[in-house]
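Here is a colleague's note for someone opening this entry for the first time. Please read the points in order, with the sequence and the model at hand.

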Amino acid sequence: MIPDSIVHLLQTGVSVMVGTRDASLMPECTRAWGIQVGADRESVTLFLSEAIGGKTLENLRNNGKIAVTCTRPTDHITCQLKGQVRSIKPATSANREMSRRWHREFRAELSAIGVPSTLSEAWIIEPTVAVQISVSDVFDQTPGPGAGKKIGQ
Amino acid sequence: MNETSFQLEDLWACFQGIVPAALSTCAADGTPNITFISQIHYVDSAHVAISFQFFNKTHRNIRENPFACAVALDPRTFHAYRFRLRFDHSESTGPLFEAMSLQLQAVASYSGMTDVFRLLAADVYEVLGVERLEGFTRLPTPNTSERSSRLFVDAGLVSLRLIAERLNKALLLDEVLESSLQLLEEQFGFQHSIILLADDQNAKLLTIASHGYPENGVGSEVGMGEGLIGMVARARRTLYLSAMDHGLRYARAVRDRAEAEGRTEAIAREIPLPGLPDAGSQIAVPLVTRGRLIGVLAVESKDPLAFLTRENTLLTTIGSHLATAIDQLSRETDEAPMERTGRQAPRSPSQSGSTRRFTFFQKDDCICVDGDYLIRNIPARILWRLLKQYRDEGRVEFTNRELRMDSWLGLPEVKDNLETRLILLRRRLEQKCPDVRLVQRSRGRFALETDRAIDLCEKEG
């Protein structure tokens with residue numbers, strides 16, 4: 001179960017970064033256009049685009065291993081989720097609507113810390129796939145000595 | 001994508017820590033890890049550094065599997081760049097570490113967290129490739145002409161800083177003189193240089209240090225207003241002569257020949273100024289501090305275009321630092337405690353059969369060694385006093401203070417330039433009589449070392 005505090009965090013405008021690796025353990029990194037906690041609270045769905053995440057999707061199709069970090073710009077509250085891919089599906093209109101909602105929240109967060117809205121509005125938020133992940137571990141990653149501590153479960 | 005088509009310098013805006021970056025690594029068991037990092041630090045065109053503050057998964061992973069991948073944003077447009085990295089090494093001392101550590105502490109001090117946020121190491125990564133994430137933003141990429149010249153410092157400026165720091169650290173005058181000329185060669189490739197100090201009473205400049213000449217020429221003199229060096233001393237402005245006139249070289253060659261063959265008494269008692277017979281260009285920089293002329297730094301080269309506006313600026317700046325350092329260290333002659341290091345038992349004389357004969361000519365106020373002119377005036381009297389005390393009392397250790405008390409030496413009461421005179425004496429001995437040495441023990445203390453027996457003789461004429 002993803003703890004309440006993390007569910008609440010992930011429902012706000014967090015920055016979402018994805019880490020994967022290929023067969024030779026070469027790490028890869030890309031940005032996701034939003035995250036949604038599953039109804040079962042055991043999974044999350046990420047919205048990715050082939051354009052900026054081609055290698056990430058290839059890695060996920062090959063081995064399914066994934067790490068996701070999410071941080072909230074206004075207070076740096078950060079977590080890392082680790083897990084395994086459950087499914088990779090073409091993004092639906094519901095997914096795209098979810099992604100747009102996330103983008104609005106994220107833009108609000110960024111403008112609250114002084115980022116000009118012209119920058120965050122110019123992003124091409126066009127997710128092509130929805131990747132569902134079984135979350136096995138959740139870590140606190142808020143900067144500081146407690147970073148890296150496993151939470152919940 | 002645009003793999004490796006970027007120079008790290010073009011991505012300068014990504015390295016300012018304005019927007020956090022993400023770094024992914026992978027454990028040996030294949031578990032990926034991803035974390036936000038506050039800043040990717042530019043190290044050089046092939047390396048970046050990432051701060052290591054806490055023992056965490058990234059730290060462990062890169063030691064198991066050195067590869068990493070980072071995504072950073074250009075804060076001007078939010079273009080994203082992906083860096084493929086390989087962990088190279090960790091630094092916990094040195095300039096990179098210190099700069100990163102100080103920055104972190106300054107940030108931490110705002111929140112009273114200096115104990116919590118402490119840099120353990122600067123982890124340096126080799127950059128294997130960089131790509132821009134296309135299809136990320138609709139904004140055009142910033143023009144590379146926006147590359148900030150404020151971030152990448154001209155190599156000359158880096159050298160300048162290094163020299164200024166070294167001059168600032170030096171505690172002994174001799175160290176300032178020697179290291180400055182050495183650094184001019186190391187940092188700028190100027191192989192032939194001299195430093196002359198102003199002798200206000202005699203309206204002359206006296207060579208105190210040289211670099212890159214077969215004879216050190218220390219003690220040689222230039223009159224105020226005489227030649228490039230003398231003119232620069234009088235005008236107190238840097239001047240360079242490019243593609244040096246044939247006539248100048250001709251005049252110098254004639255003088256050299258006269259010295260080599262003439263050997264008249266007048267010339268024999270004059271030390272030749274160090275100079276390249278085939279110099280193509282020369283630059284002379286006045287050493288001025290608080291409006292007072294301390295001396296002149298002169299550099300020459302076989303290249304007729306070695307000194308232009310840039311070199312003028314660099315050397316003039318070095319000249320100010322040098323002037324201040326020389327002035328300050330010539331004044332501060334307080335004795336420092338004895339240093340243990342470098343202390344040697346006096347060598348026993350007569351290791352070698354022959355005897356060195358020193359002759360003091362009272363009328364000319366000068367000393368010859370084995371018939372060759374060595375030195376005159378106050379430095380000559382200093383040497384004579386030391387040699388006599390060595391012969392009569394067996395003394396080998398001396399202090400600046402006792403020399404100041406000795407009225408026979410004729411040191412002026414104010415601004416006696418004793419340290420400079422000792423350096424002059426030391427260098428003349430190195431040149432003319434290397435088996436008798438003045439070895440500095442610490443500030444204000446020195447020793448007389450001899451490898452041979454010494455014979456002293458005084459003459460009136």
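The numbered points below take up the contact between the chains, its charged pairs, two loop residues and a pair of packed helices.

1. It should be kept in mind throughout that this is a predicted model. The contact between the two chains draws 39 residues from chain A and 36 residues from chain B, and the area buried between chain A and chain B comes to about 3100 Å², with carbon and sulfur atoms giving 67% of that area. On the side of chain A, P27(A), C29(A) and L119(A) supply 19% of the area that this chain buries against chain B, which is more than any other three residues supply.

2. Polar and charged pairs also cross between the chains, for there are 18 residue pairs in polar contact between chain A and chain B, counting pairs with both residues at pLDDT 80 or more. As for where the side of chain A that touches chain B comes from, at least two residues each are supplied by strand 1 (15-21), strand 2 (27-31), helix 2 (50-62), strand 5 (65-71), strand 6 (78-90) and helix 4 (117-121) of chain A. Strand 5 of chain A gives the largest share, 7 residues, and by class this side of chain A has 20 nonpolar, 12 polar and 7 charged residues.

3. Side chains of opposite charge can pair when their charged atoms come close. Over all chains, a search of the whole structure finds 39 salt bridges, and the count between chain A and chain B is 3. In one salt bridge the side chains of E28(A) and R84(B) meet at 2.9 Å, N to O; because E28(A) lies in strand 2 of chain A and R84(B) in strand 6 (residues 80-91) of chain B, this pair joins two chains. The side chains of R138(B) and E126(A) likewise meet in a salt bridge, at 3.8 Å, N to O.

4. Two residues in chain A deserve a look at their backbone, given that most residues other than glycine have a negative phi. L25(A), placed in the loop between strand 1 and strand 2 of chain A, has a positive phi near 65°. R41(A), which lies in the loop between strand 3 (35-37) and strand 4 (43-48) of chain A, has a positive phi near 60°.

5. How do helix 9 and helix 11 of chain B pack, and at what angle? Helix 9 (residues 377-393) and helix 11 (residues 418-432) of chain B pack at about 75°, with their axes 9 Å apart, and they are therefore roughly perpendicular to each other. From helix 9 of chain B, I378(B), P379(B), I382(B) and L383(B) meet L418(B), R421(B), L422(B), L424(B), L425(B) and L429(B) in helix 11 of chain B. The residues of this contact divide into 9 nonpolar, no polar and 1 charged.

Note on methods. Residues are numbered from 1 along each chain as its sequence is written. Chains are lettered from A and ligands numbered from 1 in the order in which they are written. This is a predicted model: local features need pLDDT of at least 70, side-chain atom pairs count only at pLDDT 80 or more; totals for chains, interfaces and linings use all residues. Side-chain values use heavy atoms; hydrogens and water are left out. Axes are lines fitted to C-alpha atoms, for helices over the stretch in contact, and angles run from 0 to 180 degrees between N-to-C directions. Helices (H or I, at least four residues) and strands (E, at least two) are DSSP runs, numbered from the N terminus. Angles under 35 degrees count as roughly parallel, over 145 as roughly antiparallel, 65 to 115 as roughly perpendicular and the rest as oblique. Contact means heavy atoms within 4.5 Å. Ala, Val, Leu, Ile, Met, Phe, Trp, Tyr, Cys and Pro count as nonpolar, Asp, Glu, Lys and Arg as charged, and the others, Gly among them, as polar. Buried area is the accessible area (1.4 Å probe) that two parts lose on being put together, summed over both. A salt bridge is a side-chain nitrogen of Lys or Arg within 4 Å of a carboxyl oxygen of Asp or Glu. A polar contact is a pair of N or O atoms within 3.5 Å; within protein, one must be able to donate a hydrogen and the other to accept it, and residues adjacent in sequence count only if both atoms are side-chain atoms.
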